[in-house]
Amino acid sequence: MEPSDDNKRSQRRVEVAIAIRVQGVDSAGMTYDEGATALEVSRRGLSFLTKRELAVFATLTVVIPGRGPVRPEEGPSDFFTEATVVRSVKEDEEFYRVGVRFMGATLPMYSAEGI
């Protein structure tokens, strides 16, 4: 019996809807900088929907506003990291569901209460 995708994951994912910003180069070679909504988040990655086709192993930048380290007298900074596309699946006629793994940085919290 093959393990399910949930059993293969090293980190527990939480279903959420948080605003993110994604920057990179799509499969057609076009640069982009666009807002999206993360659908699932863990300490080491997330998934989101996009109209762009992104190649597996492509590198992109992910920004999550207000989810970075807290700065004294300024509050939380933005979480900013490079990520690698690990999954890109056509969701429907319009969108791809993309899964990324963060390179280096991890989110400081990943529970539903923390996000």
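Which strand holds V25? V25 is found in strand 1, and we will come back to this residue in one of the close-ups below. The model shown here is predicted, so please read each view as a picture of that prediction.

**Figure 1. The whole chain, with its one helix and eight strands.**
Start here to get your bearings. Reading from the N terminus, the helix comes before the strands, in the order α-β-β-β-β-β-β-β-β. The chain has 115 residues, and 36% of them count as buried. Its exposed surface comes to about 7000 Å², with carbon and sulfur atoms supplying 50% of that area. Among contacts with a separation of 6 or more, 53% are between residues 24 or more positions apart.

**Figure 2. Strand 4 beside its antiparallel partner, strand 7.**
This view brings together residues 59–64, which form strand 4, and residues 79–90, which form strand 7. The two strands pair in the antiparallel sense over six bridges. To find your place in the pairing, look for V63, which stands opposite F80 of strand 7. Is strand 4 mostly covered or mostly uncovered? Mostly covered: five of its six residues are buried.

**Figure 3. T81 and the residues around it.**
T81 is found in strand 7. With a relative accessible area of 3%, T81 is buried, because buried means under 20%. Which residues does T81 touch, leaving aside those up to four places away in sequence? They are L60, T61, V62, F102, M103 and A105. F102, one of these contacts, appears again in the next view.

**Figure 4. The aromatic pair of F79 and F102.**
How many aromatic pairs does the structure hold? It holds one. The ring centres of F79 and F102 are 5.3 Å apart and the ring planes meet at 55°, so the pair is tilted. F79 belongs to strand 7 and F102 to strand 8, so the pair ties together parts that are 23 residues apart in sequence. Both F79 and F102 are buried.

**Figure 5. K90 over the ring of Y96.**
Here a lysine and a tyrosine share the frame. K90 lies over the face of Y96, at 4.5 Å from the ring centre.

**Figure 6. D26 and R52 joined by a salt bridge.**
Side chains of opposite charge can pair when their charged atoms come close. A search of the whole structure finds five salt bridges, and this view shows the one between D26 and R52, with N and O 3.0 Å apart. The pair links distant parts of the chain, 26 residues apart: D26 is in the loop between strand 1 (14–25) and strand 2 (31–42), while R52 is in the loop between strand 3 (45–50) and strand 4. D26 is buried, at 12% relative accessible area, whereas R52 counts as partly exposed at 26%.

**Figure 7. R97 and E40, a salt bridge between strand 8 and strand 2.**
The side chains of R97 and E40 meet in a salt bridge, at 3.7 Å from N to O. R97 sits in strand 8 (residues 96–103) and E40 in strand 2, and the two are 57 residues apart. Which label fits E40, buried or exposed? E40 is buried, with a relative accessible area of 13%. R97, at 22%, is partly exposed.

**Figure 8. K51 and E94, a salt bridge between two loops.**
K51 forms a salt bridge with E94, and their closest N and O atoms are 2.7 Å apart. K51 lies in the loop between strand 3 and strand 4, and E94 in the loop between strand 7 and strand 8, so this pair ties together parts that are 43 residues apart in sequence. K51 is exposed, with a relative accessible area of 53%, while E94 is partly exposed at 39%. Elsewhere, salt bridges that share partners join D26, E34 and R52 into one network.

**Figure 9. V25 in strand 1 and its surroundings.**
We now return to the residue from the opening question. V25 is partly exposed, with a relative accessible area of 42%. Leaving out residues up to four places away in sequence, V25 touches M30, T31, Y32 and L54. The C-alpha atoms of V25 and R52 are separated by 9.5 Å, and these residues are 27 apart along the chain.

Notes: Residues numbered from 1 in each chain as written. Predicted model: local features only at pLDDT ≥ 70, side-chain atom pairs only at ≥ 80, totals over all residues. Heavy atoms only, no water. Buried < 20%, exposed > 50% of the residue type's maximum accessible area, 1.4 Å probe, protein only. Helix = DSSP H or I, 4+ residues; strand = E, 2+ residues; numbered from the N terminus. Pairing = 2+ DSSP bridges. Salt bridge = Lys/Arg side-chain N within 4 Å of Asp/Glu carboxyl O. Phe/Tyr/Trp six-rings, centres within 6.5 Å; stacked < 30°, edge-to-face > 60°. Lys NZ or Arg CZ within 6 Å of the ring centre and 35° of its normal. Contact = heavy atoms within 4.5 Å. Areas by Shrake-Rupley, 256 points an atom, 1.4 Å probe, with all protein chains shown as cover.
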